[in-house]
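Me: I would like a close look at a single part of this structure, beginning with its contacts and moving outward from there. Please keep the account connected, so that each step leads to the next.

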Amino acid sequence: MKILFIISNLANGGAERVISTLCDEFSKMGDTCEILYFEQNSGYYEYKATLTHLPLYEKRGILNKLSKFWRINKAIKKSNSNAVISMLDQTNINVLISSFFAPKSVIISEHTDERELKSRFWRAMRRLLYARAKALVVLNEREKNYYNFSKNAKVIYNPLNADFLSPSAPANKENIVLCVGRLESVKNYEFYLKSLALIKNDLRKNWRFIIAGDGSQKERLLALNDELKVGAEFIGHAKNTKELYAKASILALPSKSECLPNVLIESIGFYCARISTPTAGASELITHAKDGIIASELEFAKALEELMSGERLRTSLAKNALRRLADFEPAKIAFKYKELILS
């Protein structure tokens, strides 16, 4: 069987990591994969697939915008694939328009909160066209309920890289609260820094607060960090997050919205006690007070303070979370996609 993945850009995002892992698993099953992409390939991930670049956006103008549907359609036919898996909202819409007379072979996949698509036009197109796809893959139950206009919506988690599947003994834990994510508004770091300022000084001075990531809010957050004197450490983009997870005792995620945050999954095998704001993704991955903490913005500082004060609580939450690792095994996730293709 040949499977064609379609995505706009091959950068370092979560959707690209999913494609890389799925291609690896499909190759083990004896299938072949091709990836059709429209913009750039950063080379961040390796793919066991044929890479085909279709430069849709190099030229501007109405004729180029209209011709892209014909060009995508032609590329799909040329691939001679048995199934098409499209990733992310605007690409999904473009692919469904391009394959308007043969949508039954197209599986579309969403990796972001539905509310992040702001344009009324694109939202209307999504509602109109998603019902034509063979199936829609989403990452949590809230998203599945929203897409009730799609005739076949399935929750399939992102596969976890094999490097994160084997639990590491928590021998070298330090008093570190770790955040990993882009320095953008949706990650809510301004709120997070203000929460840290509410924690008792005698407790806070014995902990390090590391934030790994870069983004447009960096200068603003650095200024706020200095103003509040909370001492958070901004270390920029981290190439090896495993080393950070191995040292951190707590993984904090203060986001405004998340679909299925990788950090809440990746940190499980490193015995990090997880705390998050109540996003749809956090609710999918954490059972409150059993294998992690879900706290509203009003409760976040107090809940984090309790975690920092309670080693027994951190240990209990981290050990209970290990039971979830099996849900993200790459072979299991690839099999679910294969079932969807063959259904």
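Reply: In this predicted model, serine 249 is in contact with Lys173, Glu174, Asn175, Ile176, Trp207, Tyr271, Cys272, Ala273 and Arg314, its neighbours within four places in sequence being left aside. Serine 249 itself belongs to the loop between α9 (241-247) and β11 (250-253). Its relative accessibility is 8%, and because the limit for a buried residue is under 20%, serine 249 counts as buried. One of its contact partners, Glu174, also supplies a polar partner: the side chain of serine 249 reaches the backbone oxygen of glutamate 174 at 2.6 Å.

Another partner of serine 249 is Arg314, and this residue leads to a pair of helices. Arg314 lies in α13, where it takes part in the meeting with α12. The axes of α12 and helix α13 (residues 311-321) are 5 Å apart, and the two helices pack at an angle of about 100°. With that angle, α12 is roughly perpendicular to α13. On the α12 side the meeting residues are Glu306, Leu307, Met308 and Ser309; on the α13 side they are Glu311, Leu313, Arg314 and Leu317. By class, this contact comprises four nonpolar, one polar and three charged residues.

Where does α12 stand with respect to the rest of the structure, enclosed or not? Helix α12 (residues 300-309) has 10 residues, seven of which are buried, so the helix is largely enclosed by the rest of the structure. The buried residues of α12 are Phe300, Ala301, Ala303, Leu304, Glu305, Leu307 and Met308. Glu305 thus appears in the buried set of α12, and Leu307 and Met308 are both buried and engaged with α13.

The buried nonpolar residues can be placed in a wider setting. In soluble globular proteins, nonpolar side chains tend to be buried together. Here, the largest nonpolar core holds 57 residues, and Phe5, Leu178 and Tyr245 have the most contacts inside it. Helix α1 (residues 14-28) gives this core its largest share, six residues. A second core, separate from that one, has 30 residues and includes Ile199, Phe209, Leu304 and Leu307. Leu304 and Leu307 are among the buried residues of α12, which ties that helix to the second core.

Returning to the largest core, Phe5 can be followed through its own neighbours. With residues up to four places away in sequence not counted, phenylalanine 5 touches Ile19, Leu22, Cys23, Phe26, Cys33, Glu34, Ile35, Leu36, Ile85 and Met87. Two of these neighbours, Leu22 and Phe26, are also residues of α1 that meet α14. The axes of α1 and helix α14 (residues 330-342) lie 9 Å apart, at a packing angle of about 80°. This angle makes α1 roughly perpendicular to α14. Thr21, Leu22, Glu25 and Phe26 of α1 face Pro330, Ala331, Ile333, Ala334, Tyr337 and Lys338 of α14. Seven nonpolar, one polar and two charged residues make up that contact.

Glu34, a further neighbour of Phe5, is located in strand β2 (residues 32-37). Is glutamate 34 buried or exposed? At 9% relative accessibility, glutamate 34 is buried. A polar contact of 2.9 Å connects its side chain with that of lysine 2. Its C-alpha atom is separated by 6.4 Å from that of isoleucine 3, which is 31 residues away along the chain. Beyond four places in sequence, the residues that glutamate 34 touches are Lys2, Ile3, Leu4, Phe5, Ala49, Thr50, Thr52 and Ser79.

Met87, the last neighbour of Phe5 to be followed, is also a contact of asparagine 92. Asparagine 92 sits in helix α3 (residues 89-98) and is buried, with a relative accessible area of 0%. Its contacts outside four places in sequence are Ser86, Met87, Ile108, Ser109, Glu110 and Tyr130. Like serine 249, which reaches a backbone oxygen, asparagine 92 has a side-chain polar atom 3.2 Å from a backbone oxygen, that of serine 109.

Finally, one exposed residue may be set beside these buried ones. Asparagine 80 lies in the loop between α2 (62-79) and β4 (83-87) and counts as exposed at 62% relative accessibility. Its phi is near 55°, a positive value in a residue other than glycine.

Definitions and conventions. Residues are numbered from 1 along each chain as its sequence is written. This is a predicted model: local features need pLDDT of at least 70, side-chain atom pairs count only at pLDDT 80 or more; totals for chains, interfaces and linings use all residues. Side-chain values use heavy atoms; hydrogens and water are left out. Helices (H or I, at least four residues) and strands (E, at least two) are DSSP runs, numbered from the N terminus. Buried means under 20% relative accessible area, exposed over 50%, partly exposed in between (1.4 Å probe, protein chains only). Contact means heavy atoms within 4.5 Å. A polar contact is a pair of N or O atoms within 3.5 Å; within protein, one must be able to donate a hydrogen and the other to accept it, and residues adjacent in sequence count only if both atoms are side-chain atoms. A nonpolar core is a set of buried Ala, Val, Leu, Ile, Met, Phe, Trp, Tyr and Cys residues joined through side-chain atoms within 4.5 Å. Axes are lines fitted to C-alpha atoms, for helices over the stretch in contact, and angles run from 0 to 180 degrees between N-to-C directions. Angles under 35 degrees count as roughly parallel, over 145 as roughly antiparallel, 65 to 115 as roughly perpendicular and the rest as oblique. Ala, Val, Leu, Ile, Met, Phe, Trp, Tyr, Cys and Pro count as nonpolar, Asp, Glu, Lys and Arg as charged, and the others, Gly among them, as polar.
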